[in-house]
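Reader: Hi! Could you walk me through this structure, one piece at a time?

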Amino acid sequence: MIRLLCLLLLLPGLAAAEEVVLGLSRDEVSISTTFDGDEILIFGAIKREEPAPAGNPLEVVVTVAGPSVPVTVRRKARVAGIWVNTDAVEVDLAPSFYAVATTGPFDEVLSAVEDLRHRVSIPRAIRSVGAPAFIPDSESFTDALIRIRTEAGLYRRDEGAVDLSEETLFQASVRLPANLVEGQYATRIFLTRGGRVVDVYVTQIAVNKVGLERWLFDLSKSHALIYGLLSLVIAVAAGWGASAAFQALRR
Amino acid sequence: MQIYLPIAEMSVNAFLLLGLGGIVGVLSGMFGVGGGFLLTPLLFFVGIPPAVAVGTQGNQIVASSLSGVLAHVKRRTVDFRMGAVLLAGGLMGSAFGVYIFTILRSLGQVDLLVELCYVVFLGIVGTLMLIESLRAIRRARLGPGALPPRKRHNWVHNLPLKVKFRVSGLYISVIPPILVGMLVGILSAIMGVGGGFIMVPAMIYLLGMPTKVVVGTSLFQIIFVAAFTTLLHATANQTVDLILAVLLLIGGVIGAQIGTRIGSRLRAEQLRIALAVMVLAVGGKLALDLLIEPSELYSIAEARE
């Protein structure tokens, strides 16, 4: 019986025995003028047609990824006594924000093969096709990218941050930092047993600028000249206003 | 209080920016420098992306320079004629400077060139000014008998197209001011600053203008140069962040008013020493950044095609 179950789990394409039913505290984040980071609660339940299989315990992995853009990572080296940018590696796609939360230690929750297939861990979420041949240590550039963004709170790996009770209900809260970029944030929930992915659920969280932020951003893109003139008008008005105000104060 | 900046796409403390704008405004009103050479590194330090910092600070400079100039106009310490001549040279120079900048960018390493420019010019200008003002103070201590040598007539005074600059008390050819304006224009386009810290010493030492007039006149021409660059950045790069600019310039315009009042109470030599020390401090900091091994060797930039 156990052997049969294992076989069932190993075979992809078969209807998943365990499925995610998901809820989000909200599926939209508004960036207003006073935006100072936000927290999204991701919660859900696991639906089963039959009793939970014995053996390996059920684990949950939650990932939230911001929009991916190509980035250039530069390295400084000493040339003629001063530190200058010498080598550069283009990383084809790197998410602006990436958070992974799991129920337990990452390596136990997800096998390396599954990580490679689904691009779950932070290094896998970054796509780097190749560096110029004259840079032998291109990995150190992606390592640096991860290190810098982790320090900035943009990349996060929270082991044990997903609460799972009775192998049925789970919840995780993902903190979005204040320096958030607009876009669609892909949210994935993986159910795993013994390191293998049993079910995947994918949804989107929309992060949008609203109000004044939206208006200024659109104006700066669509009517750049008007935007530029507007900023000058404000500058001139402020400069003149301050001068007039101080003049009035002296009297 | 945190405020989200729409173009920089990040959240910053509003009071921090008001304070930064205020400090730079005070210096701007006191010395007649736009303050760009101080504000840009400070904004980098806060974490504003370099492109947005460079694009936005011009707008703040327009506001604080105008605020400062109006205070100077009331005290009749602005030489509009000289300012116009310098500006004409400056605009020609900056158009040429933008052209040089484009060529350099295609060759790469433009950041390094900008930093080296800063270190070299801040170092030279600061040192020369410090030495000169210390000498002036020593002369003043020796008593009224040891007056500085009168301005001599040299080749500068034999050039054609002589014009009377009444406020500055000068009767010289327009060619030297135009050349000075052009040189400053080229440098400011490459270095991304208004050029006040080069313009002010150039006006004092190359053109022989009185220090009191120099500050207002420098501010007067900086307004136009900064306005021009703001428009360029807004249309070409879309890197002007209006919310960032407003926060900086509220602090800036108030600071500039205070600065002009402080400046009018100081003696000319003291003013020049203070400016020299500040210029040297910024130059020294930039030189150290180039010489000391940085704690993080790697940097990330969004790839732009």
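Author: Happy to; we can talk about chain B, its helices, one glycine, and then chain A. Keep in mind that this is a predicted model.

Reader: Cool. How many helices and strands does chain B have?

Author: Chain B has 10 helices and 5 strands. Of its 305 residues, 50% count as buried.

Reader: And what about contacts within chain B, how much comes from residues 24 or more positions apart?

Author: Looking at contacts in chain B with a separation of 6 or more, 81% are between residues 24 or more positions apart.

Reader: Let's zoom in. At what angle do α1(B) and α2(B) pack?

Author: α1(B), residues 14-31, packs against α2(B) at an angle of about 165 degrees, and the axes are 10 Å apart. Angles over 145 degrees count as roughly antiparallel, and α1(B) and α2(B) are therefore roughly antiparallel to each other. Their crossing is right-handed.

Reader: Which residues make that contact?

Author: From α1(B) there are B:Leu16, B:Leu20, B:Val24 and B:Leu27, and from α2(B) there are B:Leu38, B:Leu39, B:Leu42 and B:Val46. By class, the contact has 8 nonpolar residues, no polar ones and no charged ones.

Reader: Which residues of α2(B) are buried?

Author: In α2(B), residues 36-46, the buried ones are B:Gly36, B:Phe37, B:Leu38, B:Leu39, B:Thr40 and B:Leu43. Just after α2(B) comes B:Gly47, with a positive phi of about 105 degrees.

Reader: Nice. New topic: how do α3(B) and α8(B) pack?

Author: α3(B) covers residues 50-74 and α8(B) covers residues 211-237; they pack at an angle of about 150 degrees with axes 8 Å apart. That makes α3(B) roughly antiparallel to α8(B). This crossing is left-handed.

Reader: Which residues meet there?

Author: Quite a list! On the α3(B) side they include B:Ala51, B:Gly55, B:Gly58 and B:Gly68, and on the α8(B) side they include B:Val215, B:Gly216, B:Leu219 and B:Phe220. The contact of α3(B) with α8(B) divides into 12 nonpolar, 11 polar and no charged residues.

Reader: Can we stay with B:Gly68 for a second? Is B:Gly68 buried or exposed?

Author: B:Gly68, which is in helix α3 of chain B, counts as buried because it has 38 C-beta neighbours inside 10 Å. The cut-off for buried is 20 or more.

Reader: What does B:Gly68 touch?

Author: Leaving out residues up to four places away in sequence, B:Gly68 touches B:Ser28, B:Gly29, B:Leu219, B:Ala256, B:Gly259 and B:Thr260. B:Ser28 is 40 residues away along the chain, and its C-alpha atom is 7.5 Å from that of B:Gly68.

Reader: Okay, switching again. How many residues does each chain give to the contact between A and B?

Author: Chain A gives 47 residues and chain B gives 46. On chain A's side, β5, β6, α5, α6 and α7 each supply at least two residues. α7(A) gives the most, with 15 residues. By class, chain A's side has 28 nonpolar, 11 polar and 8 charged residues.

Reader: Last one: which domains is chain A divided into?

Author: Domain 1 is 15-66 + 95-208, and domain 2 is 210-251. The C-alpha centres of these two domains of chain A lie 42 Å apart. Their contact takes 5 residues from domain 1 and 4 residues from domain 2. The domain 1 side has 1 nonpolar, 4 polar and no charged residues.

Reader: Thanks, that helps!

Conventions
Residues numbered from 1 in each chain as written. Chains lettered and ligands numbered in written order. Predicted model: local features only at pLDDT ≥ 70, side-chain atom pairs only at ≥ 80, totals over all residues. Buried ≥ 20, exposed ≤ 12 C-beta atoms within 10 Å, placed from the backbone. Helix = DSSP H or I, 4+ residues; strand = E, 2+ residues; numbered from the N terminus. Contact = placed C-beta atoms within 7 Å. Nonpolar A, V, L, I, M, F, W, Y, C, P; charged D, E, K, R; others polar. Domains from an automatic or database assignment. Axes fitted to C-alpha atoms, helices over the stretch in contact; angles between N-to-C directions. Parallel < 35°, antiparallel > 145°, perpendicular 65-115°, else oblique. Left-handed = near helix turned anticlockwise from the far one by under 90°.
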